[in-house]
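Colleague: Could you pick one part of this model and give me a close look at it? I would like to see how that part fits in with the rest.

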Amino acid sequence: MSNAVVVQTNELPESFKDINSHNLYLYVKSYLAAQRANTARVKNRSEVSGGGKKPKAQKGSGGARWGSKRSPLFVGGGQVFGPTKRNYNQKINKKQKALALNFAINAQAEKGSLFVADSIAIESGKTKDALSIINELNQRDTLVIVESIEEKTYLAFRNIKNCYMIEKQEVNAYLISAYHSVLIEKSVLDSLTKEA
């Protein structure tokens, strides 16, 4: 069974209420940019194989001059201005990251979807016990944040639809703002608000 007693909370430091939402925007933009695969790449005319011999005489045919069959004008030729490997990373400083996280936590608290439990542990490892906690919240989807994930607790939560469990060190503003509600252990919330 679970020993989690869940309570809704909005008790956060006053400073959280004065944070500008632009910090969250910058963080999410930076986070999503870092997720890009960055694998799209084409070859230009200098990289395509072949095309050493001049296809036809410079003069005398009455047509245009052809220097190489690997010109972008021909099938099999190089690509003009196609995508190449580039750096999508967008720099964001530590202070903005912290402000974004605090803003995201406060936003969840203000809409009444920040839930705190002393401990989130499912000793039985059964999904039905974990589901009883999630159903009690009556939310569309939930991010569960614990100090450290124990195997039985992980097994209980992993099959629940629209529920995702992370440890304290994985917490970020994007995940908190992406979920409709957050269920967090009190020790983790205290630690996050103390660091602010």
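Modeller: Happily! Let me start with the whole chain: 37% of the 196 residues of the protein chain count as buried, meaning under 20% relative accessible area, while exposed is over 50% and partly exposed lies in between (1.4 Å probe, protein chains only). Please keep in mind that this is a predicted model, where local features need pLDDT of at least 70 and side-chain atom pairs count only at pLDDT 80 or more, while totals for chains, interfaces and linings use all residues. Residues are numbered from 1 along each chain as its sequence is written, and side-chain values use heavy atoms, with hydrogens and water left out.

The protein chain has 6 helices and 5 strands, and from the N terminus their order is β-α-α-β-α-β-α-β-α-β-α. These elements are DSSP runs numbered from the N terminus, with helices (H or I) of at least four residues and strands (E) of at least two. The radius of gyration is 27 Å, well over the 16 Å that the globule rule gives for 196 residues, so the protein chain is more spread out than a compact globule. That radius is taken over C-alpha atoms, and the rule is 2.2 Å times the number of residues to the power 0.38. The C-alpha trace spans about 90 × 40 × 25 Å along its principal axes.

The part I would choose is strand 5. With 5 of its 5 residues buried, strand 5 is largely enclosed by the rest of the structure. Ser 181, Leu 183 and Glu 185 point one way from the strand, whereas Val 182 and Ile 184 point the other way. In a regular strand the side chains alternate between the two faces of the sheet.

Now for the partners. Strand 5 pairs in the parallel sense with strand 2 over 4 bridges, pairing being called when DSSP finds at least two bridges between two strands. Here Val 116 stands opposite Ile 184. Strand 3 also runs parallel to strand 5, joined to it by 4 bridges, and Ile 145 stands opposite Ile 184 there.

Ile 145 leads on to strand 4, where its bridge partner is Ile 166. Strands 3 and 4 pair in the parallel sense over 5 bridges. Together with helix 4, they make a right-handed β-α-β unit: with the strands pointing away from the viewer, the path from the first strand over the helix to the second runs clockwise.

The packing brings these residues up again. Among the 28 residues of the largest nonpolar core, Ile 105, Leu 143, Ile 145, Ile 176 and Ile 184 touch the most other members; a nonpolar core is a set of buried Ala, Val, Leu, Ile, Met, Phe, Trp, Tyr and Cys residues joined through side-chain atoms within 4.5 Å. Helix 2 gives the most to this core, with 6 residues. A second, separate core of 17 residues includes Leu 183, along with Ile 134, Phe 157 and Cys 163. Leaving aside neighbours within four places in sequence, Ile 145 has contacts (heavy atoms within 4.5 Å) that include Val 182, Leu 183, Ile 184 and Glu 185.
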